[in-house]
Amino acid sequence: MSREQVVAIKEKFNRIDKDFDGFLDIEEVKEYYNQIMKQKVESFRRIADLFIENDPDKKTKFENDFERRSQMAKLCCAKSVEHFMKRDINNDGKIEWNEFLNFEARLISQAQLIKV
Ligand SMILES: [Ca+2]
Ligand SMILES: [Ca+2]
C-alpha cells in the first residue's frame, strides 16, 4: 500500500472519530452513516419536488417513490453500520486504527485483484 493510500484511510478514520479518542464506537459509526443517509433523503426530496412541480397530476406516485427510496436509504444505513462493525476483530465494541487499516487494506487489495 502506498503512503497516499494510508493517509486517505487515516483521513476517513478521523472523519468518523468525532471525539478523537482513536477508537470508532458504534455511536460514531451510526452518526457517520446517518449523515450520508440524510443527504440522500434530502436529494430524493428535491427530486420528488421537482417531478411534482412538472407533473402535479402524478403527485401521489412521486410521493410514494420518495417514501420507498427513503425507506431503502434508511435500511441501507442500518446495514452499513452492521457491516462496518465487522471490522471489530477483537470484539471490544470499538474499532481501533489497526482494525480499520487492515480492513481497508484488504478492500484495496481485493479491488486491485479485480482490476488485474
Ligand atoms: Ca471515538
Ligand atoms: Ca476492536
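**Fold, packing and local geometry of the predicted chain**

The mean pLDDT of the protein chain is 95, and 99% of its residues reach 70 or more. The model is predicted, and its confidence varies along the chain: the lowest mean, 89, belongs to helix α4 (residues 97-115), while the highest, 98, is found in β1.

The protein chain contains four helices and two strands. Along the sequence these elements follow the order α-β-α-α-β-α. The C-alpha atoms occupy a box of roughly 55 × 35 × 20 Å along the principal axes. The radius of gyration is 19 Å, whereas a compact globule of 116 residues would have a value near 13 Å. Buried residues account for 8% of the 116 residues. Of the contacts with a separation of 6 or more, 58% join residues that are 24 or more positions apart.

Helix α2 comprises 29 residues, from 26 to 54. From its first C-alpha to its last, α2 reaches 42 Å, close to the 42 Å expected at 1.5 Å a residue. The buried residues of this helix are V29, Y32, Y33 and A48. An α-helix has 3.6 residues a turn, so residues three or four places apart point the same way. The partners against which the buried residues of α2 pack are α1 (3-16), β1 (23-25) and α3 (59-84).

The largest nonpolar core consists of seven residues, namely L24, V29, Y32, Y33, C77, I95 and F100. Three of these residues come from α2, which provides the largest share of the core. When residues up to four places away in sequence are set aside, the core residue I95 touches F23, L24, R87, D88 and F100.

D88, one of the residues touched by I95, is located in the loop between α3 and β2 (94-96). This loop residue is classed as buried because 20 other C-beta atoms lie within 10 Å, and a residue is buried if there are 20 or more. Beyond residues up to four places away in sequence, D88 touches G93, K94, I95 and E99. D88 and L24 are separated by 64 residues in sequence, yet their C-alpha atoms are 9.4 Å apart in space.

A further pairing of sequence-distant positions involves R69, a residue of helix α3. R69 and K40 lie 29 residues apart in sequence and 9.1 Å apart in space, C-alpha to C-alpha. R69 is partly exposed, since it has 17 other C-beta atoms within 10 Å, a count that falls between the limits of 12 or fewer for exposed residues and 20 or more for buried ones.

Two loop residues were examined for their backbone geometry. Most residues other than glycine have a negative phi. F20, although not a glycine, has a positive phi of about 55°. F20 is situated in the loop between α1 and β1, and counts as exposed because 7 C-beta neighbours are inside 10 Å. N91 likewise has a positive phi, near 60°, and is a residue other than glycine. The loop between α3 and β2 holds N91, as well as the buried D88. In contrast to D88, which has 20 other C-beta atoms within 10 Å, N91 has 7 C-beta neighbours inside 10 Å and therefore counts as exposed.

Key. Residues numbered from 1 in each chain as written. Chains lettered and ligands numbered in written order. Predicted model: local features only at pLDDT ≥ 70, side-chain atom pairs only at ≥ 80, totals over all residues. Expected span 1.5 Å × (residues − 1). Contact = placed C-beta atoms within 7 Å. Rg over C-alpha atoms; globule rule 2.2 N^0.38 Å. Core = buried A, V, L, I, M, F, W, Y, C linked by C-beta atoms within 7 Å. pLDDT = per-residue confidence, 0-100.
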